[in-house]
Amino acid sequence: MLALDIQHVRMNQHAVDKAQALQCLVNILVEDQLVTPEYLDGLKAREQQSATYLGQGIAIPHGTPQSRQYILQTGVRLAHFPEGVVWDGENKIYLAVVIAAKSDEHLQVLQILTKALINDVSDRVKNATSAEQIIELLQAQPLSLALHENLIETQVPAIDIDDLFWHAAQRLKQQKAVEAGFITALDTKQMIHLGEGTWSITANQHVLNPAVSIVKPETALEYHGEVLNTLLCVASNDQLDMPQFNRLMDILFDPEQLEKLTHENDSHEIAQIIGADIIPDWPSLHVTLANSHGLHARPATQLVNVTKQFTGDIQVSVDDGQFISAKSLTKLLSLGCKRGQVLTFIAEPDTDAVNGLNDVIQAVKNGLGEDVEPIEENSVQAVEKVEVLRFDESTEDQTSGIPASSGLAFGPAHVIKPRQFNYERQSKNIKAETEKLEQAIQQVQSNIKDFIAESKIEAIKQIFTAHLAMLDDPDLIQGVHQKLKQNLSAPAAWHEHIEAAATAQASLKDHLLAERAADLRDIGERVLAVLCNAPDIIEPKEPYILIMHDVGPSDVARLDKERVAGILTAVGGASAHSAIVARALGIPAIVGAGAGVLNIESNATVLINGDNGDFVISPEASLIEHAIAERERQRQIRIEAEKHCQEPAMTLDGHQVEIAANIGKVNAGQKAVKDGAEAIGLLRTELVFMAHNSAPDEATQEAEYRVILDDLAGRPLVVRTLDVGGDKPLPYVPIPEEENPFLGIRGIRLTLRKPDLLRKQLIALLKASDNRPLRIMFPMIGRVEEWRDAKVILDELRAEYPCDNLEVGIMIEVPSAALLSPILAQEVDFFSIGTNDLTQYTMAIDRGHPVLSAEADGLHPSVLLLIDQTVRAAHKHGKWVGICGELAADPKAVPVLMGLGVDELSMSSTSIPLVKAQIRQLNFAECQQIAQKALLCDSATAVRELGE
Ligand code: PEP
Ligand code: MG
């Protein structure tokens, strides 16, 4: 969220004209590393389209959409020109609020400014002498309490108090009075019975603007032995206009009014009883805004010009929000209306405005002076639906996500999210502030040292040792001392300097270095927490449920199975690499559970079920007991399976498949063998590369591949050449930014463009093999030519580095390769089907998509038909087929894949004992029947139901 901040104000700027002023503004943005100097052209171009004069001595210069490429980071800066600068040929400005926004965040700034400009502030803008005055006058908002008809809902289908809270919060959220998280702040302990079945509840967290919603259930509820037929939900904060609130309370304490309220079921009537704003019963028309950047200053000015032609009043609301005058520029801007939102215009009856409504609607449809792509009525529906969907994603009420790694886990929540700290910015006592800072740093250093001493995991020790070194960095400390000398308080100096250093670090081209910004912010927050006496978010001592936005493959170093009982993420899909990491570690996980999970209270007990994706916050003791019993049952099954994990996976009627492991680390081979792997079916070499800070040379690679082959002691090793791209970027193999990385330069498409990289890897493999069974395969083959080009390179190298025990194959993960498998099967030695990508590309669903990825089920008949064709083609030419996608370990998929005739199943080694045990219970002839039925099904759900 963009905000206006004192430290972003530059007083005493001077410019003789607008051109000089624009240059001065760009200099400020460049200095603060928000833009590159080229952004100036964007500012100028925008001013040429129309001046960005807002009114009251303020302008809001910003670049054109084309100039967004020069923005490094979204931000706002304010420059005060005490002598004024003529801006639009007649009006002088004294304050420029210059915006660098990568998308439409500037609408937020407009909303803030326009709220302030409802008051007349022109003199204060002109005469301001300090940054504090500027921010104060811009943020001065009229005290408020939204109380209007749109906040009232009757006949609510609520069966209990939770349902009713949800509806009350929904109303407030729709009117933008509260944000996500508000509902969790509604504490039943705060319920007050006003009498006559009317109750009120107040909360003050996640409140954007004070407001009251009123909801009435269809049928009265019983609450604590009393009737509940009306609930007032008060969203309160320090902006709350108390006199207005007290007036509302006076009405409610009047028994006569209260009785009326209790019995009334019409929102319009209720609004009148409590003195709320009423939606005028005026003629109305709706239109959907199509302007791609929303109702920003230029189109809003046009709209004012149109509405002002009529003498009668014209008002407008967005998405059923409050009505405001459509003749006031500042009020229009305060709506923050975006493309796709519906504007409702109403006109004062018996005036020329009624006929004028058609002109207004037409002007909006025509784009208000901008070229617009019209929005079809149907697509309006779509937009609305998507918005509802988004809301659902982040609702606090969501109790399930996508099952990503099986098992039950519970423990205290450890929520990783940005925290807010409160502190005074200025302090005159430099000595005291310096001491405070030194003590805080020492305390954090000592905490980190304890942590390192206690940790048994090398990767974690390394991370925290690096943090210690950062806290010792003299440059960093000196930078903070500079700020202290400018009379900043210790927390302000520390935070501002760390943030600037982290921002600079994040903008570095070298990705590995850029990633260190997260570590800087990490230590920054720890010290700040000590300085602000904010309780440190201490990792719970017992194994916890780690809750975060997403877990990336690089977070793996931080995940210690001893400490992390389970993982719950807001986004992600079951075959995203984050989920694969969780499975490999054997940690139960649910991904894509919506942003609401980040609002779970730290330390609240959370129970997750990685098998079905359900989670429960603060579960009843009985549920935990049940989970413990179930977990014990699963543990026993696992112990039994592990006892037999070295035995072959043979069905009851004597059909055997090879069971192999997927690995991504050099030293994972041993564990795989111990878990019962008969081969490594997929070595993801890009993950091996990721463990290095720069591309490993040939010798390093050879040594690493040797380790794996040694550990396998004669078992086959299927190595996939580098599969970089998609969601697996490799910092030192840069790929130009792509709109659609999964459809871009990835896998073989990349290595064929960097043949040296491929050659080096192939040589290292050939040299490491020593005639041990090596199988090399190429990822992301989509065209026969790609396979042939790669094969030519390998054949050339084989002439130089002979290797007798080698098979060469390809991954089948692009539908075109599956469809051409009859041709490819004649040339390759084997196929390995990557169902993660094959499903993604067949169903056109991003494998990590937070909402859709659950629908991208590898058991969809369309995917099975491609697998079937591939297996048939391979077998016809005497070649073998493996499955190395996540489907290989899915208990519902195992019989189907076996029945389709695959020869090998390769999976995370943790799954091997259970899958082997399952196969020993199966009958191959039955599997074949199930597979044939599956090919005729119409959905993945139908396939999943076959075995039941
Ligand atoms: C696959 O796509 O199924 C696969 C095994 O490869 P990755 O998951 O590494 O993309
Ligand atoms: Mg793949």
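Which ligand has an oxygen atom 3.2 Å from a polar side-chain atom of R746? In this structure, which is a predicted model, that oxygen atom belongs to ligand 1.

## Contacts with ligand 1

Beside the contact from R746, two further polar approaches to ligand 1 can be followed in the structure. In R847 the side chain is involved, with an N or O atom 2.7 Å from an oxygen atom of ligand 1, whereas in T835 a backbone N or O atom lies 3.1 Å from an oxygen atom of the ligand. Taken alone, ligand 1 exposes 290 Å², and the protein buries 100% of that area.

## The surroundings of ligand 1

Ligand 1 sits in the largest cavity, and there are 16 residues around the ligand, of which R684, R720, G834, N836 and R847 come nearest. Strand β26 (679-684) and helix α30 each supply at least two residues of this shell, and the largest share, 3 residues, comes from α30.

## The magnesium ion

Ligand 2 is a magnesium ion, coordinated by the OE of E813 and the OD of D837 at 2.0 to 2.2 Å. These two residues link distant parts of the chain, since E813 is in the loop between β29 (806-812) and α28 (815-819), while D837, 24 residues apart from E813, is in helix α30 (residues 835-843).

The relative accessible area of E813 is 1%, and because buried means under 20%, E813 is classed as buried. By the same cut-off, D837 also counts as buried, at 2% relative accessibility.

Technical notes. Residues are numbered from 1 along each chain as its sequence is written. Chains are lettered from A and ligands numbered from 1 in the order in which they are written. This is a predicted model: local features need pLDDT of at least 70, side-chain atom pairs count only at pLDDT 80 or more; totals for chains, interfaces and linings use all residues. Side-chain values use heavy atoms; hydrogens and water are left out. Donors are N, O and S atoms within 2.8 Å of the metal (3.2 Å for Na, K and Ca); water is not among the atoms, so sites may look incomplete. Helices (H or I, at least four residues) and strands (E, at least two) are DSSP runs, numbered from the N terminus. Buried means under 20% relative accessible area, exposed over 50%, partly exposed in between (1.4 Å probe, protein chains only). A residue is near a molecule or strand if one of its heavy atoms lies within 4 Å of it. A polar contact is a pair of N or O atoms within 3.5 Å; within protein, one must be able to donate a hydrogen and the other to accept it, and residues adjacent in sequence count only if both atoms are side-chain atoms. Accessible areas come from the Shrake-Rupley method with a 1.4 Å probe; for residues, only the protein chains shown count as cover. On a 1 Å grid over the protein atoms alone, a cavity is a set of points where a 1.4 Å probe fits but cannot get out, and a pocket is an open set with protein on both sides within 12 Å along at least five of seven lines; lining residues have an atom within 4 Å of a point. A molecule sits in a cavity or pocket if more than half of its atoms lie within 2 Å of its grid points.
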